[in-house]
Amino acid sequence: MSLKYAVLAALLEGEASGYELSKLFDIGLANFWPATPQQLYRELERLAQDGLVEARTVPQERRPTKRMFTLTDTGRARLRAFAAEPPRRPTAVRDELLVKVQAMDGGDPEATRALIEERRGWARGKLDRYERVRDRLLDGRTEEEYLRTADRIGPYLTLMAGIAFEEQNLLWCERVLDVLKRRVPLG
């Protein structure tokens, strides 16, 4: 899959500038499809050239003119067709830390422990951020109320995947640290 479909899906939220899209990616899509602002701006230009999004300029006082992007009918149709296709291949984990853990027997167990503790901290931070996003989405409603009444539930469902992923990441880190503690006593 290309970034194209992630951008088109993000624009289902409504008209957005490149800056607003980059913030949306940071909060709502980074758990499954990260992108830098530069990648987003390049992709928006390609999508506009392909007729999948429209851009309009909005003058601003004391700031540069901004471009606002919206989905075209062609973009919506392409996104609808994409959403109905099966994924090309199953998810594959590609994680440098796992290679380092695999190789730890030939290295320094303390260094591995530090890397796992760092990963645990990142996972906790991301989980906290995702839970704040969930609280904002729910806005005092129960999950059942939200899912029954919200205009769009896709962002919530992908957020649930991000939360589950980081919860599993934390469990794995805790398990690894426990194993390392028992196998390699602290100095």
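This passage describes a pocket, a nonpolar surface patch and several salt bridges in a predicted model.

Residues are numbered from 1 along each chain as its sequence is written, and side-chain values rest on heavy atoms, with hydrogens and water left out. Since the model is predicted, local features need pLDDT of at least 70 and side-chain atom pairs count only at pLDDT 80 or more, while totals for chains, interfaces and linings use all residues.

The second largest pocket encloses about 250 Å³ of space. A pocket is here an open set of points on a 1 Å grid over the protein atoms alone, where a 1.4 Å probe fits and protein lies on both sides within 12 Å along at least five of seven lines, and its lining residues have an atom within 4 Å of a point; grid points are joined across faces, edges and corners, and the volume is the space filled by probe spheres set on the points. The lining of this pocket consists of Ser17, Gly18, Tyr19, Glu20, Tyr41, Gln60, Arg63, Pro64, Thr65, Lys66, Arg67 and Phe69. Helix H2 (18-29) and strand E3 (63-71) each contribute at least two of these residues, and E3 provides the largest share, with 6 residues; helices (H or I, at least four residues) and strands (E, at least two) are DSSP runs numbered from the N terminus. By residue class the lining divides into 4 nonpolar, 4 polar and 4 charged residues, where Ala, Val, Leu, Ile, Met, Phe, Trp, Tyr, Cys and Pro count as nonpolar, Asp, Glu, Lys and Arg as charged, and the others, Gly among them, as polar.

On the surface, Ile153, Leu157 and Met160 make a nonpolar patch of about 230 Å². Such a patch joins nonpolar side chains (Val, Leu, Ile, Met, Phe, Trp, Tyr) within 5 Å, taken from residues with over 30% relative accessible area and no salt bridge, and accessible areas come from the Shrake-Rupley method with a 1.4 Å probe, only the protein chains shown counting as cover for residues. Leu157, which is placed in helix H8 (residues 154-183), has a relative accessibility of 42% and therefore counts as partly exposed, the class between buried (under 20%) and exposed (over 50%).

The structure holds 12 salt bridges, each defined as a side-chain nitrogen of Lys or Arg within 4 Å of a carboxyl oxygen of Asp or Glu. In one of them, Arg56 pairs with Glu15, the closest N and O atoms being 2.6 Å apart. This pair links distant parts of the chain, 41 residues apart, with Arg56 in strand E2 (residues 53-60) and Glu15 in the loop between helix H1 (3-10) and strand E1 (16-17). Arg56 is partly exposed at 45% relative accessible area, and Glu15 is likewise partly exposed at 35%.

Other salt bridges lie within single helices. Lys100 and Glu96 pair with their closest N and O atoms 3.4 Å apart, and because they are 4 residues apart in helix H5 (residues 96-102), about one helical turn separates them; Lys100 is partly exposed at 39% relative accessibility, whereas Glu96 is exposed at 58%. Glu144 and Arg148 meet at 3.5 Å, N to O, and are also separated by about one helical turn, being 4 residues apart in helix H7 (residues 143-149). Glu144 counts as exposed at 60% relative accessibility, as does Arg148 at 56%. In addition, Arg120, Arg124 and Glu174 are linked in a network of salt bridges.

Definitions and conventions: Patches are made of residues with over 30% relative accessible area and no salt bridge: like charges are joined within 9 Å, nonpolar side chains (Val, Leu, Ile, Met, Phe, Trp, Tyr) within 5 Å. Buried means under 20% relative accessible area, exposed over 50%, partly exposed in between (1.4 Å probe, protein chains only).
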